[in-house]
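Here is a friendly walk through the structure shown below. Keep the sequence at hand as you read.

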Amino acid sequence: MSEVKPDLIDVQINGEWHSFPKGTRMIEACKEVGVEVPHYCYHPKLTSPGNCRMCLVEMGMPPRPAPGSDPVEPDEDGHVPISWIPRPVIACANTIAPNMGIRTESEMTEECRKGVMELLLANHPLDCPICDQAGECSLQEFSVEHGKGESRFREQKVKKPKNVEIGPRIRLDDERCIMCSRCIRFMDEIADQPVLGFTDRGSHTTLTIHPGHELTSNYSLNTADLCPVGALTSNDFRFQMRVWFMKETKTIDVNCATGANITVFAREGKIYRVIPRQNNNVNSNWMPDSHRLNIHWINSEARLTDPLVRDEKSGNHRVATWNGAMQTSADALLKLDGSEIAVIGSARMTNEELLITNRLAKQLDAGHVDVVAREGEPDGYLISADRNPNSNGAKLILGLENPGSTIDQIREGIAQGRIKALVCLQENIIDDAGFSADELAKLDFFLTSYPLANATAEVADVVLPGACWAEKSGTMVNGTGRLQRLNKCIEGPGQTLEAWEIVRDLIQALGGGNGIYAATELFAQLAGEVPEFEGITFGQIGDLGLPLIETDERIPLLEREAERKAQGLIVG
Amino acid sequence: MAIVVKRPKLKWWEHLYLPALFGGMRITLAHFIKNFRGKGDHAMQYPEERWDDHLPEYYRGAPALVTDVQNRERCVACQLCEFICPPRAITIIPEEIPSDDKWAKVEKRPKKFEIDMIRCIYCGLCEEVCPEQAIYLRQDYSITGESREEMVHDKKRLYEIGGVRDGLVNKWNDLK
């Protein structure tokens with residue numbers, strides 16, 4: 001039986017023959033076999049105008065015999081000698097053809113690159129010491145690799161607008177711009193706010209924003225990521241930290257159920273910026289500004305750093321040891337019957353934390369277990385209506401059909417005095433779930449863990465510092481049912497513990513089992529206990545996640561991207 | 001390879017040590033008389049007397065920040081010296097220059113610039129790496145303090161040591 005093969009075409013790249021599917025762009029074919037073609041304007045998720053000319057390569061086609069002469073005989077592999085075309089072509093917008101030859105290391109290609117680099121640098125300000133892009137700038141990199149190393153330009157450089165506020169979060173430096181038009185295409189094709197454009201075409205070509213408009217789109221900061229130079233910079237990250245100092249951690253966004261894949265940049269325990277990481281099944285290459293800027297509370301003064309226990313005499317909180325706080329909690333909880341205890345977990349917890357929370361609920365024989373629901377308006381791009389990152393995990397592991405639906409019953413129970421103790425993990429139930437301080441004051445015992453000091457902590461008997469998303473590892477299931485890994489980026493402040501460690505210690509203080517030392521161990525147990533996770537190992541999940549369950553949630557931005565890919569507009 | 005050193009065989013009067021003792025005292029006495037007549041070598045009376053006049057041009061003392069003839073602080077807080085510094089003695093926190101400042105076009109300057117002189121090893125890599133000719137090793141070698149905090153040179157102190165430097169590349173002139 002013969003296999004059904006896609007239409008494969010033989011192409012020679014730097015002297016070696018390879019096969020690629022029909023319709024592959026030359027640049028992508030080169031990339032596939034590990035040959036880098038430098039480029040600025042080309043981006044696989046955007047249309048290809050071919051205006052930077054950096055990807056020029058030498059190309060050849062099979063010889064076309066003159067009328068009457070014999071065609072060239074192919075060799076035993078079916079290839080004919082290539083006749084090289086004396087002028088270069090761009091690799092980004094051209095697709096491959098049968099028996100095509102591409103040379104990326106020939107003298108002509110090198111000369112083209114050198115020429116393009118010289119022209120791009122003629123008017124570039126070379127203010128790398130103050131430019132935020134330095135260290136991750138394609139212009140710097142290709143200048144070292146393909147540039148001349150010196151300038152022959154003795155005239156005055158063209159002056160253009162600098163330090164222009166084009167939006168609430170984006171700053172533009174036109175002198176640094178190399179006119180690749182990526183930002184223009186992104187705002188037009190993906191963010192649907194086509195307000196950027198070029199004016200004064202010629203030597204004075206200037207990137208500008210339409211008069212009377214601002215770059216207000218919630219996706220505007222993606223243009224700063226796209227910009228190959230430092231023309232567009234983020235107001236939030238501007239001058240904060242040089243890129244070479246920061247440690248990069250691949251993790252996921254926790255601001256909504258989409259779970260955008262991100263890279264977190266941190267130095268010495270402080271997170272400076274978050275940028276999206278490509279995952280074609282989750283967030284493509286983009287993420288919303290509102291989510292990426294929601295990091296500044298992590299290093300704020302309001303962080304809890306020590307376990308606190310309410311002093312019986314003064315009524316104020318005092319700093320306790322972890323053991324002391326656990327013992328106080330266990331003593332109070334063991335006095336009560338299971339039906340008098342409610343456990344509120346969080347759909348912001350990882351699967352591992354939810355599993356151990358479930359164990360705690362079983363250990364206490366708690367009458368109520370639920371998580372706090374967070375709903376918002378979906379934005380039609382990447383932001384999901386569900387603002388919890390792991391609602392699907394809560395459904396699977398805690399066995400909740402509709403997470404958040406029994407919170408009102410818990411409130412009633414507290415009001416009526418049926419529920420006497422509440423264990424609230426990683427949630428601020430006064431601000432986020434509509435509880436009031438007076439209601440919670442009725443409880444005999446109230447334990448809360450949370451990264452920040454807040455109104456809920458104020459009324460609690462025991463307050464525990466729980467690590468935030470950037471300070472713990474684990475897994476989450478996003479809205480579309482994809483299992484993804486959350487990775488630890490920084491250490492938590494002070495005595496902070498991850499929620500699963502807190503719950504483990506509490507179970508131990510209550511007299512239950514112990515013996516869990518790492519979140520990965522909990523994942524192994526999860527794989528044995530919850531059928532959906534069966535057979536999956538932590539390492540198997542990888543950086544891009546695994547499809548775990550089927551849901552009916554779709555990500556609108558990805559659907560539009562698939563459409564544009566089907567039309568052949570983008571590579572995808 | 002080990003070298004075998006032969007132990008000299010001492011005569012009986014050498015075992016008494018007295019001749020060596022008197023020999024030493026003769027040298028001491030000779031120096032005493034020479035100094036007494038004002039002709040001998042003597043130790044430099046530090047700190048009243050110093051090496052300062054004898055320091056060579058290339059002497060590497062304390063690193064310091066300099067201003068140029070237009071009184072502009074040359075450092076733009078690119079943090080390359082912080083990156084290159086082998087003992088991690090330099091700490092910089094950058095800030096944006098406000099738009100009403102005379103040098104607003106430079107955009108960036110250090111808000112905080114500290115060199116921990118307990119850590120500094122006077123290697124001069126900061127001077128070598130600086131793309132703005134802003135940091136130089138001056139001839140100050142006597143860096144002392146009574147506490148660790150005092151040994152950390154802040155921005156003000158660094159400009160005091162560095163002073164104004166002439167003849168540097170005028171990168172941020174009117175044309176720019």
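In which hand does α8(A) pass α9(A)? The crossing is right-handed, a term used when the near helix is turned clockwise from the far one by less than a right angle, while an anticlockwise turn is left-handed.

Before going further, a word on the ground rules. This is a predicted model, in which local features need pLDDT of at least 70, side-chain atom pairs count only at pLDDT 80 or more, and totals for chains, interfaces and linings use all residues. Residues are numbered from 1 along each chain as its sequence is written, and chains are lettered from A and ligands numbered from 1 in the order in which they are written. Helices (H or I, at least four residues) and strands (E, at least two) are DSSP runs numbered from the N terminus.

**Domains of chain A**

Chain A is divided into domain 1 (8-115), domain 2 (153-292) and domain 3 (308-556), with bounds that come from an automatic or database domain assignment. Between the C-alpha centres of domain 1 and domain 3 of chain A there are 56 Å.

**Helix pairs**

The table sets out two helix pairs of chain A. Axes are lines fitted to C-alpha atoms, for helices over the stretch in contact, and angles run from 0 to 180 degrees between N-to-C directions.

| Pair | Angle and axis distance |
|---|---|
| α7(A) (322-334) and α14(A) (499-509) | about 55°, 9 Å |
| α8(A) and α9(A) (391-398) | about 35°, 9 Å |

On the α8(A) side, N351(A), L354(A), L355(A) and N358(A) meet G393(A), A394(A), I397(A) and L398(A) of α9(A); residues are in contact if their C-beta atoms, placed from the backbone, lie within 7 Å. By class, this contact has five nonpolar, three polar and no charged residues. Here Ala, Val, Leu, Ile, Met, Phe, Trp, Tyr, Cys and Pro count as nonpolar, Asp, Glu, Lys and Arg as charged, and the others, Gly among them, as polar.

α7(A) and α14(A) also make a right-handed crossing. Their contact involves W322(A), M326(A), Q327(A), S329(A) and A330(A) from α7(A), together with D505(A), L506(A) and A509(A) from α14(A). Those residues divide into five nonpolar, two polar and one charged.

**The seven-stranded sheet**

Chain A holds an open sheet of seven strands with mixed pairing, in the order β16-β15-β21-β20-β19-β17-β18. Two strands pair if DSSP finds at least two bridges between them. β16 (317-319) and β18 (368-372) of chain A stand at the edges with a single partner strand each, so one side of each has no neighbour in the sheet. Ignoring direction, neighbouring strands are turned by 15° against each other on average.

Helix α8(A) (351-364) packs on this sheet, touching β17 (341-346), β18 and β19 (421-425) of chain A, and its direction makes about 180° with that of β17(A). Helix α10(A) (407-416) lies across β17, β18 and β19 of chain A too, running at about 125° to β18(A).

Elsewhere in the sheet, β15(A) (308-310) and β21(A) (462-465) run antiparallel and are joined by two bridges. L308(A) has V463(A) as its bridge partner.

**A hairpin**

β13(A) (261-267) and β14(A) (270-276) run antiparallel, joined by six bridges. R267(A) stands opposite K270(A). Two residues lie between the strands of this hairpin, where E268(A) takes a positive phi near 50°.

**Where chain B meets chain A**

How many residues of chain B are in contact with chain A? Twelve are, and they touch nine residues of chain A. On the chain B side, strand β2(B) (90-96) gives the largest share, three residues. That side divides into six nonpolar, one polar and five charged residues.

Conventions
Two residues are in contact if their C-beta atoms, placed from the backbone, lie within 7 Å.
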